[in-house]
Structures are given as structure tokens and as C-alpha cells.
Amino acid sequence: MARPRSARRSTPQRTLVVHAHPGDDSLSAALLDATLSGLDRAGHEVVLQRLHPDGFRAAMSAEERREYHDEYPPTDPIARRYADEIGGVESMVFGYPTWWCGPPALRKGWFDRVLVHGVAFSLDDDGGLRSHLRHVRRVAGVTTYGSPRWVVRLSGDGGRRSINRTLRMMCHPRCRTTWHGLYAVDEAEPATTGAYVREVEEAFATW
């Protein structure tokens, strides 16, 4: 007989949590707290990267672009620290709000400036791509949408695709993906948002 969901136990692991939202009193901040609480309950070792408080910038500089294909290119201290922290993590969680049907600039900038050549992948002499993220076996996203689900689907949900498809292809061949999304959040009642926060915590408590 299958064990009930509440009784399922997760396997503790080293988990990277990347959060992109400027407000400390936002729903996104509450979801970050819920994510961290759930992971703590599950016994995970968490590496937290809070892009706004850390002073991370979204735009790639001209110098970074020139050095993009070096062996290990991050020259910015924050981007280099973030890149160093990726090594050895077994799972990744991305928390952010969905704006204009996509991720905010900082989350996109994290992909552009951290998951670079020499960190996330390298190119062979024949042009083939070799991933450096095969140690990542689980990936999750936690987001909110101002639009209803049908609008998000019609728009293509670029943030979700970049994580669940593009990033997923770089990870372990058996990497599993999980997505938590609250739709039409602009019209949601406090009871709805509160239930979503609790749902996120419970999900990561058994992750």
C-alpha cells in the first residue's frame, strides 16, 4: 500500500534557493520563508542567494561578455560567489514573481551571468556542449501570476519553460521538476494566498 503523502519522507540534500523580489513584506517573501521552513523540516542543507539584498545586478557588462568563453569567466565578486556555490548542490529552487509573463530581470540576469560557460557547461573542440550540472537531481519553481491560468498558457510561460525545460536538460538525466504557481494573484483573497503559502511549505517539507 502506498504511504500517504503526509507520511512520505524526503532525502536530505544540499539545496540552492535563488530568490528574486525587491520587497521584504511581499507575498514572494512569505513564500521564500515557507520554502526555507519546509526545506529545514525536511533536513536539507540550504544555500540561499537573495539577489536584491546581495546587490546582484541583472545586466551583463561588456567585460563579462568579452570573457564569456574563458575557462571560468565570472569576474564580478557576487556572480563568482554564486557560481562557486552551485558546485555540489543536488537540487535548486527558484522563487520569484512572474511579471509581463516572464521572470523579473534579476532572475533572468542570474541565468545570463551565473550559469555561464565554465560554470554550467563547456564547449568541446567540435562544438558539442558538455553540462557541468549533472549533479542536480531536482529543480523547482515557486511563483505567482497576475494573470489567470489561461492567459499564462497562451503567453507560453517563459519563466517556467526556462527552468523546467532548458535548465532541466542541463541537469542529471533523471532530474525531476516541480512547479508551484498561484494564478490571478491580483484578485486572490487573503485566504487563498495564505493557503498557497502553507501548501508550498508542506510540499518542501516532503521534498
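Asp157 sits in the loop between α6 and α7 of this predicted model. Its phi is positive, about 50°, although Asp157 is not a glycine. Most residues other than glycine have a negative phi. Asp157 has a relative accessible area of 8% and is therefore buried, the cut-off for that class being under 20%.

Trp100 is another residue other than glycine with a positive phi, near 50°. Trp100 lies in the loop that runs between β3 (91–98) and α5 (105–113). With a relative accessible area of 88%, Trp100 is exposed, since that class begins over 50%. The two loop residues thus fall into opposite classes: Asp157 is buried, whereas Trp100 is exposed.

**Positive patch**

The helices on either side of the Asp157 loop, α6 and α7, also carry charge at the surface. Arg149, Arg153, Arg160, Arg161 and Arg165 form a positive surface patch. At least two residues of this patch come from α6 (149–155), and at least two from α7 (158–170). Which helix gives the most to the patch? It is α7, with 3 residues.

Arg153 is one of the patch residues and belongs to helix α6. Its relative accessibility is 64%, so Arg153 counts as exposed.

**Salt bridges**

Side chains of opposite charge can pair when their charged atoms come close. The structure holds 10 salt bridges. Three of them are listed here with the separation of the closest N and O atoms.

| Positive residue | Negative residue | Closest N and O atoms |
|---|---|---|
| Arg14 | Glu45 | 2.4 Å |
| Arg41 | Glu201 | 3.2 Å |
| Arg113 | Glu64 | 2.8 Å |

In the salt bridge of Arg14 with Glu45, distant parts of the chain are linked: Arg14 is in strand β1 (residues 14–19) and Glu45 in strand β2 (residues 45–50), 31 residues apart. Arg14 has a relative accessible area of 24% and so counts as partly exposed. Glu45 is partly exposed as well, with a relative accessible area of 46%.

The salt bridge between Arg41 and Glu201 has its closest N and O atoms 3.2 Å apart. Because Arg41 lies in helix α1 (residues 27–41) and Glu201 in helix α8, this pair ties together parts that are 160 residues apart in sequence. Arg41 has a relative accessibility of 46% and therefore counts as partly exposed.

For Arg113 and Glu64, the closest N and O atoms of the salt bridge are 2.8 Å apart. Arg113 is in helix α5 and Glu64 in helix α3 (residues 62–66), so the pair ties together parts that are 49 residues apart in sequence. Are these two residues buried or exposed? Arg113 counts as buried at 3% relative accessibility, and Glu64 counts as buried at 7%. Both residues belong to a network of salt bridges that links Arg57, Glu64, Asp76 and Arg113.

**Polar contacts of buried residues**

Ser122 is placed in strand β4 (residues 121–123). Its relative accessible area is 8%, so Ser122 is buried. What joins the side chains of Ser122 and His132? A polar contact of 3.1 Å joins them.

Glu85 belongs to helix α4 (residues 77–86). At 19% relative accessibility, Glu85 counts as buried, because the class takes in values under 20%. The side chain of Glu85 makes a polar contact of 2.9 Å with the side chain of Gln49. Gln49 falls within the residue range of strand β2 (residues 45–50).

**Helix α8**

Ala205 has its place in helix α8 (residues 190–205), the helix that also holds Glu201. With 14% relative accessibility, Ala205 counts as buried. Ala205 and His44 are 161 residues apart along the chain, and their C-alpha atoms are separated by 9.3 Å.

Technical notes:
Residues are numbered from 1 along each chain as its sequence is written. This is a predicted model: local features need pLDDT of at least 70, side-chain atom pairs count only at pLDDT 80 or more; totals for chains, interfaces and linings use all residues. Side-chain values use heavy atoms; hydrogens and water are left out. Patches are made of residues with over 30% relative accessible area and no salt bridge: like charges are joined within 9 Å, nonpolar side chains (Val, Leu, Ile, Met, Phe, Trp, Tyr) within 5 Å. Accessible areas come from the Shrake-Rupley method with a 1.4 Å probe; for residues, only the protein chains shown count as cover. A salt bridge is a side-chain nitrogen of Lys or Arg within 4 Å of a carboxyl oxygen of Asp or Glu. Lys and Arg count as positive and Asp and Glu as negative; His and the chain ends are not counted. The place of a charge is taken as NZ of Lys, CZ of Arg, CG of Asp or CD of Glu. Helices (H or I, at least four residues) and strands (E, at least two) are DSSP runs, numbered from the N terminus. Buried means under 20% relative accessible area, exposed over 50%, partly exposed in between (1.4 Å probe, protein chains only). A polar contact is a pair of N or O atoms within 3.5 Å; within protein, one must be able to donate a hydrogen and the other to accept it, and residues adjacent in sequence count only if both atoms are side-chain atoms.
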